[in-house]
Amino acid sequence: MADYLGGAEAELCLLVQIETRAGLDAIEAIAAVDGVHGLFIGPSDLSASLGHLGDPGHPEVVAAVEDAIARIRAAGKPAGFLSLDPAWNRRCIALGTTFTAVGTDLALLARGADALRAEYRA
């Protein structure tokens with residue numbers, strides 16, 4: 001960006017995370033806030049909030065995520081999602097997520113470290 005200081009604010013994108021039952025209950029209100037550009041579902045923290053700590057694949061969590069995606073889209077906002085499960089990522093993309101995080105920094109770093117270790121153990 002040629003004029004970063006003068007133009008950066010116009011390029012900002014505000015994405016808010018929905019990671020609690022209260023967030024799920026307020027999707028439409030959150031989506032209606034001026035300046036919110038999209039809503040992102042975090043299933044790991046959401047699973048804890050729904051009483052399924054450590055189990056983001058629990059049927060209640062999956063149903064909540066899928067319902068949230070539909071409600072976000074119905075509110076006219078882009079929906080986002082994060083999972084390390086390729087099948088669930090594809091399902092959410094098919095349901096209409098606009099942005100889908102398919103990895104985390106820690107998981108990518110760990111895979112890279114595992115690959116290096118394997119290369120030098122051989």
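**Helix packing, core and selected residues**

Ser49 is partly exposed, with 32% relative accessible area. Partly exposed falls between the other two classes: buried is under 20% relative accessible area and exposed is over 50%, for a 1.4 Å probe and protein chains only. The model is predicted: local features need pLDDT of at least 70, side-chain atom pairs count only at pLDDT 80 or more, and totals for chains, interfaces and linings use all residues. Residues are numbered from 1 along each chain as its sequence is written, and side-chain values use heavy atoms, with hydrogens and water left out.

Ser49 belongs to helix α4 (residues 43-49). Helices (H or I, at least four residues) and strands (E, at least two) are DSSP runs, numbered from the N terminus. Beyond four places in sequence, Ser49 contacts Glu19, Thr20 and Arg21. Contact here means heavy atoms within 4.5 Å. Val16 lies 33 residues from Ser49 along the chain, and their C-alpha atoms are 17 Å apart.

Now the core. The largest nonpolar core holds 19 residues. Such a core is a set of buried Ala, Val, Leu, Ile, Met, Phe, Trp, Tyr and Cys residues joined through side-chain atoms within 4.5 Å. Leu24, Leu39, Ile41, Leu46 and Val65 have the most contacts inside the core. Two or more residues come from each of α3 (27-31), β2 (38-41), α5 (59-74), β3 (79-82) and α6. Helix α5 gives the largest share, six residues. Leu39 also touches many residues outside its own sequence neighbourhood of four places, including Val16, Ile18, Ile27, Ile30, Ile72 and Phe99.

How do α5 and α6 pack? Their angle is about 30°, and their axes are 10 Å apart. Axes are lines fitted to C-alpha atoms, for helices over the stretch in contact, and angles run from 0 to 180 degrees between N-to-C directions. The two helices are therefore roughly parallel. That label covers angles under 35 degrees; over 145 is roughly antiparallel, 65 to 115 roughly perpendicular, and the rest oblique. The crossing of α5 and α6 is right-handed. Handedness depends on how the near helix is turned from the far one by less than a right angle: clockwise is right-handed, anticlockwise left-handed. Helix α5 brings Val61, Val62, Val65, Glu66, Ile69 and Arg73 to the contact, and α6 brings Trp88, Arg91, Cys92 and Leu95. By class, this contact has seven nonpolar, no polar and three charged residues. Ala, Val, Leu, Ile, Met, Phe, Trp, Tyr, Cys and Pro count as nonpolar, Asp, Glu, Lys and Arg as charged, and the others, Gly among them, as polar.

Next, the surroundings of α6. Asn89 sits in α6 (residues 86-95). Is Asn89 buried or exposed? Asn89 counts as buried because its relative accessibility is 4%. Among its contacts beyond four places in sequence are Phe81, Leu82, Thr100 and Val102. Leu84, in the loop between β3 and α6, contacts Asn89, Val102, Gly103, Thr104 and Ala107 beyond that sequence window. Thr97 lies in the loop between α6 and β4 (99-101). Thr97 is buried, at 9%. Outside its four nearest places in sequence, Thr97 contacts Ile69, Ala79, Gly80, Phe81 and Cys92.

Finally, helix α7 (residues 105-121) contains Arg121. Arg121 is exposed, with 68% relative accessible area. Ala94 is 27 residues from Arg121 in sequence and 40 Å away, C-alpha to C-alpha.
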